[in-house]
Amino acid sequence: MTGRGLEGFYRAGRRVLSRCEVRVAGQEPLAIQARLAAADRARFVGTLRTSAQTGPDPDVFVERNRFADGTERITLHSSATRPLRVPVEVALGTDLADLRAIASGKAGPELPASVHGSGLRWSSAAANVTVTAEPPPADALASTGLLRWELVLPPGGSTSVELRVRPDGTGPLRTAGRAATSPLAAARAEGDDPRAAALLRTSVEDLQALLLRDAAHPGDIHLAAGVPWRCGLSPADALVAARMALPLGTGLAGGTLRALARTQLTGPGSQAGMIPGPRRDAGPHLPPHCTGTEATLLFPALLAEARRWGLPEQEVEELLPTAERCLTWLRRSAGDEAYLRDPYPGGPARCESQAHAHRAALLGADLLEAGGRSGAEELRQWAQSLRNAFRTEFWVDDRGGGRPAAARTPDGRPVSHMAASAVHLLDTGLLGRGESAPGLLDKVQTENLARLLGSPLMDSGWGLRGLGAREPGYNPFGHRAGAVRLQETALAVAGLAAAAYEKEADGLLRGVLAAAEAFAHRLPEMYAGEQRMQGSAPLPHPAACRPAAIPAAAGVLLLTTLAGIRPDAPAGTVTLRPMRSAPLGEIGFTGLRVAGAPFSVRVSRLGLAMVEEAADGLQLGV
């Protein structure tokens with residue numbers, strides 16, 4: 001850890017240690033391996049020779065295990081036939097910079113250290129941090145930030161030094177996912193393609209590592225958005241990830257919905273009923289997007305689908321008033337217009353906002369009707385008017401058959417670039433009896449969109465680009481201008497499979513599985529949209545979160561799409577719509593949850609699905 005770029009230990013939005021360099025017997029170990037061994041642990045291995053008589057073979061290897069809780073364990077392993085006495089030096093430093101400064105390249109210089117107990121301490125106006133060591137060092141030099149030991153290694157033996165980084169006023173970290181009350185089922189996959197098992201195992205592990213308890217209501221658990229940049233609750237991301245993770249149970253959805261219900265804006269004004277959220281970059285062609293709009297529209301959709309997956313009716317009833325206020329905000333904000341515009345003067349009507357609004361209206365109508373509330377028919381009528389207008393006014397004709405506009409400006413002009421945001425048009429939502437809600441596109445338009453998503457314009461070979469490769473402003477590393485984002489790719493695979501465009505879904509799924517291998521199945525938030533070539537590998541994005549909630553949950557959605565599980569717990573049924581092409585051959589899932597009970601399903605090489613375990617009384621739908 002050299003202190004360059006993004007390197008460091010982080011806590012509560014601040015870098016508490018930026019430099020940790022090890023020298024053994026005056027040498028820097030030769031690095032031979034670095035990898036994420038788990039969602040919360042990285043392992044680094046280096047070697048060195050302590051004697052010129054050992055020939056080319058190293059006689060000591062140095063293993064460094066770095067944990068997300070601020071601990072680093074440095075272990076020296078000796079292969080020598082005699083005892084070794086080796087001096088070990090660890091050089092430490094920090095700038096105590098916050099994430100915003102680091103992200104913009106303005107972190108500042110290292111701060112001076114002082115000796116403190118068995119380690120070193122740094123202080124600034126914003127924070128104080130201490131590094132302690134066990135065993136205590138023989139020497140501690142504040143001027144250079146150096147800790148020194150004289151360690152004795154027995155023949156073939158090992159010895160360790162452990163460093164602990166702690167900001168003032170904090171104790172050891174313990175994630176909610178390590179508790180016995182984790183809301184996520186420990187699902188497993190097995191089958192012809194071993195990559196599926198590895199991806200699901202790692203996805204569940206990452207989700208477990210990102211679970212957080214609501215500070216004021218510790219019974220409610222939600223996901224942190226990602227490490228290191230977004231370690232707190234990001235409303236839209238938390239809702240998206242909880243929805244994708246519904247096959248692991250409804251506990252995460254319930255905790256997320258309750259945590260966000262407490263943030264809903266109340267009182268008079270146009271924002272009453274919104275779930276607030278920050279603005280987010282939308283790429284080179286559109287202004288920043290208000291994620292509060294997305295979160296407000298996702299809330300009733302997630303509640304409706306969680307009910308289908310088995311969220312207890314009592315919890316649904318408690319959350320229904322919040323969902324109702326979200327839907328009231330939707331109808332008030334749309335007013336007499338066919339479209340929902342960004343909630344500020346002159347805001348565009350975005351393609352994905354219309355998809356979110358349409359799904360919220362239809363699923364929300366079902367939710368209100370089931371809860372004995374009024375307003376369902378009005379929502380369905382508005383959704384119908386939105387559908388009629390969208391199919392004519394949002395579709396841009398061209399020689400290739402046309403495409404959906406990315407947005408419409410206030411004066412009605414289409415913003416016609418091809419972006420991954422169009423995949424939200426395929427994510428129509430789940431109604432009763434295993435049926436998908438109708439979408440904003442007609443059959444011909446859906447076919448044209450499927451063709452575009454499966455073409456080299458959008459499919460990089462590693463997943464779906466955020467912006468078409470021939471569009472102005474395309475940048476393979478652009479956050480929303482060409483990089484592959486797992487959210488859109490997973491939604492595309494699920495939506496294309498549901499609409500029976502399995503060839504395109506298959507291509508995108510295989511691309512993500514190939515990329516996952518390169519990332520040891522721990523998918524980052526995004527990676528470069530550079531075209532896949534023979535022998536190439538996906539390029540990591542330097543600022544991507546990893547692990548992150550949405551890509552981890554996307555792994556669950558990508559794989560369970562193969563089985564096409566569509567539950568309706570209130571009706572006591574589950575419908576299976578597997579991918580008939582069985583792109584990964586035979587695959588079986590165990591440990592999923594439907595209707596509050598374990599659920600196992602197997603898909604054969606012929607694309608036929610069979611339930612192997614389910615809740616008592618759960619019937620197979622048609």
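Ala25 is partly exposed, with a relative accessible area of 32%. In this predicted model, Ala25 sits in the loop between β3 (19-24) and β4 (30-38). Its phi is positive, about 55 degrees, although Ala25 is not a glycine. Ala582 also has a positive phi, near 45 degrees, and is likewise a residue other than glycine. Ala582 belongs to the loop between β28 (573-576) and β29 (587-594). Its relative accessible area is 11%, under the 20% limit, so Ala582 counts as buried. Most residues other than glycine have a negative phi, and most peptide bonds are trans.

Two cis peptide bonds were examined alongside these residues. One runs from Glu134 to Pro135, with omega near 0 degrees. Pro135 lies in the loop that separates β11 (128-134) from β12 (139-141). Another joins Arg546 and Pro547, with omega about 5 degrees. Pro547 is placed in the loop between β26 (526-527) and α12.

Helix α8 covers residues 376-393. With 18 residues at 1.5 Å a residue, α8 should span 26 Å, and the end C-alpha atoms are indeed 26 Å apart. The expected and computed values therefore agree. Buried positions in α8 are Ala376, Leu379, Trp382, Ala383, Leu386, Arg387, Ala389 and Phe390. These buried residues pack against α6 (313-334), α7 (351-370) and β21 (395-396).

Salt bridges number 47 in the model. One pairs the side chains of Arg308 and Asp568, with an N to O distance of 2.9 Å. This pair links distant parts of the chain: Arg308 is in helix α5, Asp568 is in strand β27, and 260 residues separate them. Arg308 has a relative accessibility of 10% and so counts as buried. Asp568, at 3%, is buried as well.

Glu337 and Arg341 form another salt bridge, in which the closest N and O atoms are 3.0 Å apart. Here Glu337 is partly exposed, with a relative accessible area of 39%. Arg341 is partly exposed too, at 21%. In a further salt bridge, between Arg403 and Asp398, the closest N and O atoms are 3.6 Å apart. The two partners fall on opposite sides of the 20% limit for burial. Arg403, at 15% relative accessibility, counts as buried, whereas Asp398, at 35%, counts as partly exposed. Elsewhere, salt bridges that share partners join Glu190, Asp192, Glu586, Arg602, Arg605 and Glu612 into one network.

Empty space was examined next. Rolling a probe the size of a water molecule over the atoms shows where such space is left. The second largest pocket holds about 900 Å³. Its lining comprises 39 residues, and Ser436, Ala494, Gly495, Ala498 and Arg566 lie nearest the centre. Two or more lining residues come from each of α3 (235-244), α5 (291-309), α9 (443-453), α10 (486-498), α12 (549-560) and β27 (565-568). The greatest contribution is that of α10, with five residues. By class, the lining of this pocket has 23 nonpolar, nine polar and seven charged residues.

Cavities of 30 Å³ or more number six. The largest cavity contains about 310 Å³ of space. It is lined by 24 residues, of which Ala282, Glu352, Ser421, Arg480 and Glu488 are the closest to its centre. Helices α7 and α10 each supply at least two residues of this lining. The lining of the largest cavity divides into seven nonpolar, nine polar and eight charged residues.

The second largest cavity has a volume of about 70 Å³. Its lining is made up of Val240, Arg243, Met244, Glu294, Leu298, His356, Arg359, His424, Asp427, Gln487 and Leu491. Elements giving two or more of these residues are α3, α5, α7 and α10. The largest share, three residues, comes from α3. By class, four lining residues of the second largest cavity are nonpolar, three are polar and four are charged. Helix α10 thus recurs in the linings described: that of the second largest pocket, that of the largest cavity and that of the second largest cavity.

Note on methods:
Residues are numbered from 1 along each chain as its sequence is written. This is a predicted model: local features need pLDDT of at least 70, side-chain atom pairs count only at pLDDT 80 or more; totals for chains, interfaces and linings use all residues. Side-chain values use heavy atoms; hydrogens and water are left out. Helices (H or I, at least four residues) and strands (E, at least two) are DSSP runs, numbered from the N terminus. The expected span of a helix is 1.5 Å times one less than its number of residues. Buried means under 20% relative accessible area, exposed over 50%, partly exposed in between (1.4 Å probe, protein chains only). Contact means heavy atoms within 4.5 Å. On a 1 Å grid over the protein atoms alone, a cavity is a set of points where a 1.4 Å probe fits but cannot get out, and a pocket is an open set with protein on both sides within 12 Å along at least five of seven lines; lining residues have an atom within 4 Å of a point. Grid points are joined across faces, edges and corners, and a volume is the space filled by probe spheres set on the points. Ala, Val, Leu, Ile, Met, Phe, Trp, Tyr, Cys and Pro count as nonpolar, Asp, Glu, Lys and Arg as charged, and the others, Gly among them, as polar. A salt bridge is a side-chain nitrogen of Lys or Arg within 4 Å of a carboxyl oxygen of Asp or Glu.
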